[in-house]
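Colleague: I've got this one open on my screen and I'd like to talk through its charged residues. Can you walk me through them?

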Amino acid sequence: MARKEFGGSEDVSGHHGRLEVVVKDGELVFVEFNEIAMDAYYNQYFSGRDKKRSDYGIWQASKPRQLKAGVVLADGLQFVEAQIKERQSLEGEFELLAGASGSMKNMLPMAAELVEKIKEPSEQKYYGIAEDFGYGITGWLQVIVEKDRICSCHYDEVFADHQEEIWFPEMKRYCELPIA
């Protein structure tokens, strides 16, 4: 597992970006970009919140500029993640989605910085398991172990990609909005 981050320190105000990469037997098996909104974000509800795994995308999609573009940040992040996995490389030029490229441009240098790091043997082992609960939510447990000690453990529930897959009406707001 390799991780690179930007922002989020006492010296840097602004959003906090993160790139996590898991390599198994020389293959990129997991690539995830994410961004945490700055603490002083103008919409206080999202201050310090994860943009990819919250209802940030729904809120962002309601803004006129994003409605016109037809994409949100999460779309842009996933678009580049898919290119990296398909190429099996963190290097090169990546196509960006118009309307979701500002943050992605700030995060791409992190990929270049990890190119050599992922070639080195790591003492960290990543274990992840996901279970589809069958009603539009998937449970996802991630554990990172180093020298037989757990150094990170994270559980998340991930909503389905489409509202029709979510059973409970009150939960549909956590999924994509249909863009007109």
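Modeller: Sure, let's start with Glu32, which is found in strand 3, residues 27-36. Strands here are DSSP runs of E of at least two residues and helices are runs of H or I of at least four, both numbered from the N terminus. One caution: this is a predicted model, where local features need pLDDT of at least 70, side-chain atom pairs count only at pLDDT 80 or more, and totals for chains, interfaces and linings use all residues. Residues are numbered from 1 along each chain as its sequence is written, and side-chain values use heavy atoms, with hydrogens and water left out.

Colleague: Is Glu32 buried or exposed?

Modeller: The cut-offs are under 20% relative accessible area for buried, over 50% for exposed, and partly exposed in between, with a 1.4 Å probe and protein chains only. Glu32 has a relative accessible area of 7%, so Glu32 is buried.

Colleague: Which residues is Glu32 in contact with, leaving aside its neighbours within four places in sequence?

Modeller: Contact means heavy atoms within 4.5 Å. With those sequence neighbours set aside, the list for Glu32 is Arg18, Leu19, Glu20, Lys52, Arg53, Glu81 and Trp140.

Colleague: Lys52 and Glu81 are both in there. How far apart are the closest N and O atoms in their salt bridge?

Modeller: A salt bridge needs a side-chain nitrogen of Lys or Arg within 4 Å of a carboxyl oxygen of Asp or Glu. Both Lys52 and Glu81 are buried. For Lys52 and Glu81, the closest N and O atoms are apart by 2.5 Å.

Colleague: And how many residues apart are Lys52 and Glu81 in the chain?

Modeller: Lys52 is in the loop between strand 3 and helix 1 (56-61), while Glu81 is in helix 3, residues 73-87. The pair links distant parts of the chain, and the separation is 29 residues.

Colleague: What about Arg53, which residue does its side chain meet in a salt bridge?

Modeller: The N to O distance there is 3.7 Å. Arg53 is in the loop between strand 3 and helix 1, and its partner sits in strand 6, 103 residues apart. At 28% relative accessibility Arg53 counts as partly exposed, whereas the partner is buried at 16%. That partner is Asp156.

Colleague: Which residues do salt bridges with shared partners join into one network?

Modeller: Side chains of opposite charge can pair when their charged atoms come close. Here the salt bridges share partners, and the network consists of Glu32, Arg53 and Asp156.

Colleague: Which residue pairs with Glu123 in a salt bridge?

Modeller: Glu123 is partly exposed, with a relative accessible area of 49%. It lies in the loop between helix 4 (102-114) and strand 4 (124-132), and its partner is in the loop between strand 5 (137-146) and strand 6, so the pair ties together parts that are 24 residues apart in sequence. The N to O distance is 3.5 Å. The partner counts as exposed at 60% relative accessibility, and it is Lys147.

Colleague: How many salt bridges does a search of the whole structure find?

Modeller: The ones we've gone through include Lys52 with Glu81 and Glu123 with Lys147. For the whole structure, the search comes to seven.

Colleague: Last one: what pattern does the protein follow along the sequence?

Modeller: The secondary structure comes to four helices and six strands. Of the 180 residues, 37% count as buried. Read along the sequence, the pattern is β-β-β-α-α-α-α-β-β-β.
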